[in-house]
Amino acid sequence: MTRPIRARFDADAVRHNYALARHLAGGAKIWSVVKANAYGHGLLRVAEALSDMADGFALIELDGAIALREAGFRQPVLLLEGFYQDDELPAFAEYGLTPVLHSAAQVEALRATVLPSRLPVYLKLNTGMNRLGFDEADFQDALAALGASPCVAGISLMTHFADADGERGIEEQWARFCRLRGDSGLPACVANSAALLRFPQTAGDWVRPGVMLYGSSPYPDQESAEALGLLPAMTLESELIATRELQAGDRVGYGGIFTAEGSMRIGIVACGYGDGYPRHAPSGTPVLVAGRRSRTVGRVSMDKVCVDITDQPEAGIGTPVTLWGEGLSADEVAAAAGTISYELFCALSARVPIIDAD
Ligand SMILES: *Cc1c(COP(=O)(O)O)cnc(C)c1O
């Protein structure tokens, strides 16, 4: 018997979510952000789901970009941190990839390299996130250097919002970006999922939604994925592999951090932090047992988590359990564990098979 845990992937949900992004983007084109193995969903699986819709794919990993090309995807591919070493540049030319240039070192490296073909490039501006990108003072120099580079085919401008999902919003960064862009007429690309959903006026020429494609809300404390009209692309499912009756005072799991207050019944689920379920999820984290809402009890261990089935006498070995996805938003589970669904998805472990929904 195989271990019952699996992640069910729903290509139709991704396509539905993409269509919503499409609607919000107006005339802008869409980079589908597929970094980190498409947020844990599987790079090629997601690219395949979007193959006839996607304008382009954006990611961090050069090997992933090459894998897209080798699988036959012809859309533009954007590398969100560009290249790390100069010797990666020939691959950008060979595979027709678009680097984001965020540093003077990258601009200089590109200027000094002879490539067999010219590359479209994105110039990243720092407008307040203060991680990557050119400051206002260095922007014109970078633009001039790129303009004089023989291997540059076209320049677009991008920036990244620090608080598109929060109270501060985008106003300050957006104003700075617009001022820097001026009347250059260069294509603009600024919006992540949160900005696209909350501030679609920033859509510009290209947008960069990630998490919304996978069906999570970028700001679940304000608006649920369901309220936004998003459908979960991944449902993490397993089964009960044992059940147990407890008496008052019995403790459950490592550290015995959960104590039964009265007689109760628990189920043991084949899913733990070794599968990517968050170890910090406390007792009380929501879970579906046979489609009904219940709660976890005790500490999450590497291969197991326990759930309360006191009110489900029919539950037994083989009863299906949903850890997150259809019927139970990953956002809700993430919030209970003090994190965000992005982290849950990225943490899905390689030992969990991903299967296509039928
Ligand atoms: C990850 C990423 C995105 C997508 O962000 P979401 O919040 O998942 O929509 C967009 N732009 C850049 C530069 C990113 O790194």
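Here are three short exercises, with worked solutions, on a predicted model.

**Exercise 1. The cavity**

Find how many cavities of 30 Å³ or more the structure holds, how much space lies in the largest cavity, and which classes of residue line it.

*Solution.*
- Step 1: Start with the count, which is one cavity of 30 Å³ or more.
- Step 2: Turn to volume; the largest cavity has about 40 Å³ of space.
- Step 3: Look at the residues around the space. The lining runs through Lys 124, Leu 125, Asn 126, Thr 127, Gly 128 and Met 129, and also takes in Arg 131, Leu 132, Thr 159, His 160 and Gln 173.
- Step 4: Sort this lining by class, and you get six polar, three nonpolar and two charged residues. Gly counts as polar in this sorting.

**Exercise 2. The backbone at Ala 36**

Work out where Ala 36 lies, what sign its phi has, and whether this residue is buried, partly exposed or exposed.

*Solution.*
- Step 1: Locate Ala 36 in helix H2, which covers residues 35-39.
- Step 2: Check phi. Ala 36 is not a glycine, yet its phi is positive, at about 50°. Most residues other than glycine have a negative phi.
- Step 3: Judge the exposure. The relative accessible area of Ala 36 is 32%. Partly exposed lies between under 20% for buried and over 50% for exposed, so Ala 36 is partly exposed.

**Exercise 3. The backbone at Ala 290**

Now do the steps for Ala 290: its place, its phi and its exposure.

*Solution.*
- Step 1: Ala 290 sits in the loop that links strand S14 (286-289) and strand S15 (292-297).
- Step 2: Phi at Ala 290 is positive, about 50°, although this residue is not a glycine.
- Step 3: With a relative accessibility of 45%, Ala 290 is partly exposed.

Key: Residues numbered from 1 in each chain as written. Predicted model: local features only at pLDDT ≥ 70, side-chain atom pairs only at ≥ 80, totals over all residues. Heavy atoms only, no water. 1 Å grid on protein atoms, 1.4 Å probe; cavity = no way out; pocket = protein on both sides within 12 Å on 5 of 7 lines; lining within 4 Å. Points joined across faces, edges and corners; volume = space filled by probe spheres on them. Helix = DSSP H or I, 4+ residues; strand = E, 2+ residues; numbered from the N terminus. Buried < 20%, exposed > 50% of the residue type's maximum accessible area, 1.4 Å probe, protein only.
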